[in-house]
Amino acid sequence: MPMELTQSRIQKIWLPNDNRPALPRRSCGPQLANSPTVIVMVGLPARGKTYISKKLTRYLNWIGVPTKVFNVGEYRREAVKHYSSYDFFRPDNEEAMKVRRQCALAALRDVKLYLTEEAGQIAVFDATNTTRERRGMILNFAKENGFKVFFIESVCNDPTVVASNVREVKLSSPDYRDCNSADAMEDFMKRINCYQASYQPLDPDDYDRELSLIKVIDVGRRFLVNRVQDHIQSRIVYYLMNIHVQPRTIYLCRHGESEFNLKGKIGGDSGLSNRGKKFARALNKFVEEQNLKDLKVWTSQLKRTIQTAEALQLPYEQWKALNEIDAGVCEEMTYEEIREQHPEEFALRDQDKYYYRYPSGESYQDLVQRLEPVIMELERQENVLVICHQAVMRCLLAYFLDKSADEMPYLKCPLHTVLKLTPVAYGCRVESISLNIEAVNTHRDRPEEGKKGPNPLMRRNSVTPLASPEPTKKPRINSFEEHVAVSSALPGCVPQEVPSQLPGQNMSTSQKLS
């Protein structure tokens, strides 16, 4: 008998209107197309595994796939408060090997908890995983729990690249707090040698021919892909083949103030106001002062962004994907008019601004999907200036700053202000630059009743949540310190206890996010 359906008022999607419970997720048996996946990183230290893990997780969360990194090194630092030297990583250090295995098992327990009880969809297991024995343990764990597995191996034999990665990232690790750089560098290179002796690379031509994997060779110079299982793995491969680590700067700004901005109307295709034209001229001067080589300029296909770009006297490219969010029946209306003519829609949008879809229009969730090709091309490019719109800029900014779906619709993107984004090791540094041209304020703060947190809307019988709030952080493992063999301290180092939490980051004028 056909199932009766009800259309949700916020998302305008069809849902069953009965109260039957969702089907339980099976730990074994046939795998669904969107079965939970464990991404397993593979490679020697200082090969960019954590960089790939964090960047990939940021992308997957942005497109709506709940993903979390489980870094075994962090588990080891919680278990062993005082790092002494590379001796801890020697293969003949049996006590340390026990501790390292215990840490890996503790991380896998948390992976299982995240994927089965916390609505996670993808877990990234970030460790060296350089031996077949360790990878076999992970494969058995995944099989027992009905998880798919996808391996990402980062291979780099260029000593210059490895040394650069060690200097840029590893020497600032808590392991080397209060160490001088020379001693820390020497110790870490010896740590790499400890892994080198037992390293068994993935072998897609023979031993590992049945595994799903991608090898990233020499920081993206070459790729080897084997047995991609599903759509999400193909998206992961596509993403990894588009990112690069070359220095660059991305500039985001909105168009100059428009005639509709002055009238408080949303959407539409109006031209610039007099102050908006003044901003366009100021933007031209700002771009000239930046003295950027081969700057690409992108706009939407709407009049106000094109007028802004015309003042730059540079070639520019129009993207339909960069057009402002479609407000449907509310286009070219003020918020007061929407409140009067569509009171229910006005209230619904305040309840859940990310998922709310305008009648005959779009939601922020739709906008993220529309902007994915823009993000892919931004990752491929070097210096780019994107002249766009408020909702579009919020979505792009949320990607680079790793902001949640709940935060995204309320990010402040004022008119006549340029955001300068500089990718760094594990995140993005942001500078907010006002060009000192007055403009109206188009930002609407989150209403008080909407500050209760995200609404975990779920489709019944669906293993993919529409929202996945981050669970409260809890202690992951007990200390294994009693198992650690005492070894001589590294010269120039004073052992320090690793802080349980890094200082919080605020979105200020200049910030560094990890």
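**Exercise 1. Is E438 buried, partly exposed or exposed, and at what relative accessibility?**

Solution. Start with the cut-offs: buried means under 20% relative accessible area, exposed over 50%, and partly exposed in between, with a 1.4 Å probe and protein chains only. E438 has 62% relative accessibility. E438 therefore counts as exposed.

Before going on, note the ground rules. This is a predicted model, where local features need pLDDT of at least 70 and side-chain atom pairs count only at pLDDT 80 or more, while totals for chains, interfaces and linings use all residues. Residues are numbered from 1 along each chain as its sequence is written, and side-chain values use heavy atoms, with hydrogens and water left out.

**Exercise 2. Find the salt-bridge partner of E438 and place both residues.**

Solution. A salt bridge is a side-chain nitrogen of Lys or Arg within 4 Å of a carboxyl oxygen of Asp or Glu. By this rule the model has 23 salt bridges.

- Step 1: E438 meets R275, at 3.7 Å from N to O.
- Step 2: R275 lies in helix α9, and E438 in the loop between β14 (427-434) and β15 (510-512), so the pair ties together parts that are 163 residues apart in sequence. Helices (H or I, at least four residues) and strands (E, at least two) are DSSP runs, numbered from the N terminus.
- Step 3: R275 is partly exposed, at 27% relative accessibility.

**Exercise 3. Describe the salt bridge between D350 and R444.**

Solution.

- Step 1: the N to O distance is 3.6 Å.
- Step 2: D350 sits in helix α12 (residues 343-351) and R444 in the loop between β14 and β15, so the bridge ties together parts 94 residues apart in sequence.
- Step 3: D350 is buried, with a relative accessible area of 13%, whereas R444 is partly exposed at 24%.
- Step 4: elsewhere, salt bridges with shared partners join R76, R77, D175 and R191 into one network.

**Exercise 4. Work out the strand order of the open sheet and name its edges.**

Solution. Use this pairing rule: two strands pair if DSSP finds at least two bridges between them.

- Step 1: the sheet has 6 strands in the order β4-β5-β3-β6-β7-β8, and the pairing is mixed.
- Step 2: β4 (67-71) and β8 (222-226) are the edges; each has a single partner strand, so one side of each lacks a neighbour in the sheet.
- Step 3: the twist averages 15° from one strand to the next.
- Step 4: β7 (residues 213-217) and β8 run antiparallel, joined by 5 bridges. K215 has L224 in β8 as its bridge partner.

**Exercise 5. Which strands of this sheet does helix α3 touch, and which does helix α4 touch?**

Solution. Contact means heavy atoms within 4.5 Å. Axes are lines fitted to C-alpha atoms, for helices over the stretch in contact, and angles run from 0 to 180 degrees between N-to-C directions.

- Step 1: helix α3 (residues 94-117) packs on the sheet and touches β3 (37-42), β4 and β5 (122-126). The direction of α3 makes about 170° with that of β5.
- Step 2: helix α4 (residues 132-145) also packs on the sheet, touching β3, β5 and β6 (148-155). The direction of α4 makes about 155° with that of β6.

**Exercise 6. How many residues of strand β9 are buried, and what pairs with this strand?**

Solution.

- Step 1: in β9 (residues 250-254), 5 of 5 residues are buried.
- Step 2: in a regular strand the side chains alternate between the two faces of the sheet.
- Step 3: both faces of β9 are covered, with I250, L252 and R254 on one side and Y251 and C253 on the other.
- Step 4: β9 pairs with β12 (residues 384-388) in the parallel sense over 5 bridges. R254 stands opposite C388 in β12.
- Step 5: β9 runs antiparallel to β13 (residues 417-424), with 4 bridges. L252 has L419 in β13 as its bridge partner.

**Exercise 7. Where do V219 and D294 lie, and what is phi in each?**

Solution. Most residues other than glycine have a negative phi.

- Step 1: V219 has a positive phi, near 55°. V219 lies in the loop between β7 and β8 and is partly exposed at 40%.
- Step 2: phi of D294 is also positive, near 55°. D294 lies in the loop between α9 (274-290) and β10 (296-299) and is exposed at 57%.
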